[in-house]
Amino acid sequence: MASEQPLAAVTCTAPVNIAVIKYWGKRDEELVLPINSSLSVTLHQDQLKTTTTAVISKDFTEDRIWLNGREEDVGQPRLQACLREIRRLARKRRNAWDGDPLPSSLSCKVHVASVNNFPTAAGLASSAAGYACLAYTLARVYGVESDLSEVARRGSGSACRSLYGGFVEWQMGEQTDGKDSIARQVAPESHWPELRVLILVVSAEKKLTGSTVGMRASVETSALLRFRAESVVPTRMAEMTRCIQERDFPGFAQLTMKDSNQFHATCLDTFPPISYLNAVSWRIIHLVHRFNAHHGDTKVAYTFDAGPNAVIFTLDDTVAEFVAAVRHSFPPGSNGDAFLKGLQVRPAPLSAELQAALAMEPTTPGGVKYIIATQVGPGPQILDNPSAHLLGPDGLPKPAA
């Protein structure tokens, strides 16, 4: 075999997930174990995904990684934790096979390239998709077949939820070693076909307080967070699971909004306080409540992660009217035609009654930069076509086409 041929090259994609019962706070920083369970919806990869290629070769002298075309420090602790963990599992699997000598792949270095088709660190859960994709791709290249929750979790807690499609719970677990802190699917992506997701991108800026730092501060100073984890989340997890299983949209929507609001309340209860929502975020919150009040029914829900972007859940029969309401309250900037990305949404008129009920003067254009329309989607996928590889046979990024 010519030495320039890599031993293995694998390319996979992984989805973004949006928590409807929020994860905020670790009980173990090192193992990334949460203080409460959480539940999320996996978004479709046609609109949002991370693509990762991993190549192992005897010729590589060191592990290397490229993110969105730029080489990054492979020594960063979370990346190292993922690599260590996957290699440990690969070794363990080998030893189970009559203690054969280590396959050459385990002594080889790995090159990894990863790209997102959406802005990184814009509050669009890029680290979850990224680390889920890394774990899934490394597992394929190293022949690991066990549960990958721990590998993904060591990179970013919420990443373990991106290992599955549909609706996913991350069980906090009880054990100190974290072996029972794993993700599992509550319902597949086909379960609720009418459900739609709109991401209202308010700001693509990097956030002031990163999640890791914010969480640590909340765990140390917020009494409200402790109360939430111990007394509120367990019943909400059960209730949210029921709403999903029964496709009870009003129940799902109300609980999603309440849990988002409580998460942001624990951020304000942190000392010094943390605020992830901005003025546009608050206007979106009011818009949703007025829209629902006008209809006398909960037809739309918002949720916000650690950033100002809104994620909206609704059913397919309400999407067009809600998009019209957003366009009215937040006129597009100069990108009028590129304001709506993703799934097609037919233009709908805004009735005079609804316009009056919204009682909102349009903001200066560009408050909402754009909307991504998407739906519930599947878990990670392997791309079989070698042309999909982000790294060439030499293990270096392919030149951009």
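**Exercise 1. Decide whether arginine 64 and its salt-bridge partner glutamate 71 are buried, partly exposed or exposed.**

Step 1. Arginine 64 has a relative accessible area of 23%. Buried means under 20% relative accessible area, exposed over 50%, and partly exposed in between (1.4 Å probe, protein chains only). Arginine 64 is therefore partly exposed.

Step 2. Glutamate 71, at 38% relative accessibility, counts as partly exposed too.

Step 3. The two side chains meet in a salt bridge, 2.8 Å from N to O. The term stands for a side-chain nitrogen of Lys or Arg within 4 Å of a carboxyl oxygen of Asp or Glu.

A note before you go on: this is a predicted model, in which local features need pLDDT of at least 70 and side-chain atom pairs count only at pLDDT 80 or more, while totals for chains, interfaces and linings use all residues. Residues are numbered from 1 along each chain as its sequence is written, and side-chain values use heavy atoms, with hydrogens and water left out.

**Exercise 2. Trace the salt bridges of arginine 242.**

Step 1. Start with glutamate 239, whose side chain meets that of arginine 242 at 3.0 Å, N to O. Both lie in helix 6 (residues 223-245), three residues apart, so about one helical turn separates them. Helices (H or I, at least four residues) and strands (E, at least two) are DSSP runs, numbered from the N terminus.

Step 2. Now look at glutamate 246, which also forms a salt bridge with arginine 242, with the closest N and O atoms 2.7 Å apart.

Step 3. Compare exposure: glutamate 239 is partly exposed at 34%, arginine 242 is partly exposed at 27%, and glutamate 246 is exposed at 52%.

Step 4. Widen the view. Elsewhere, salt bridges that share partners join Glu30, Glu85, Arg88, Glu150, Arg153, Arg154 and Lys179 into one network. The whole structure has 18 salt bridges.

**Exercise 3. Classify the aromatic pair of phenylalanine 291 and phenylalanine 322, and say which parts it ties together.**

Step 1. Recall the rule: rings of Phe, Tyr and Trp (its six-membered ring) pair if their centres lie within 6.5 Å; planes under 30 degrees apart count as stacked, over 60 as edge-to-face and the rest as tilted. The structure holds ten such pairs.

Step 2. Here the centres are 5.3 Å apart and the planes stand at 85°, so the pair is edge-to-face.

Step 3. Phenylalanine 291 belongs to helix 8 (residues 279-295) and phenylalanine 322 to helix 9 (residues 319-329), so the pair ties together parts that are 31 residues apart in sequence. Both phenylalanines are buried.

Step 4. Set beside this the pair of tyrosine 302 and phenylalanine 304, which is tilted, at 5.9 Å centre to centre and 50° between the planes. These two residues are buried as well.

Step 5. Finish with the cluster: Phe167, Trp192, Phe249, Phe252 and Phe313 form one aromatic cluster.

**Exercise 4. Judge how compact the chain is.**

Step 1. Count the elements: ten helices and 17 strands.

Step 2. The radius of gyration is 22 Å, close to the 21 Å that the globule rule gives for 401 residues, so the chain is as compact as a globular protein of that length. The radius is taken over C-alpha atoms, and the rule is 2.2 Å times the number of residues to the power 0.38.

Step 3. Add the burial: of the 401 residues, 54% count as buried.
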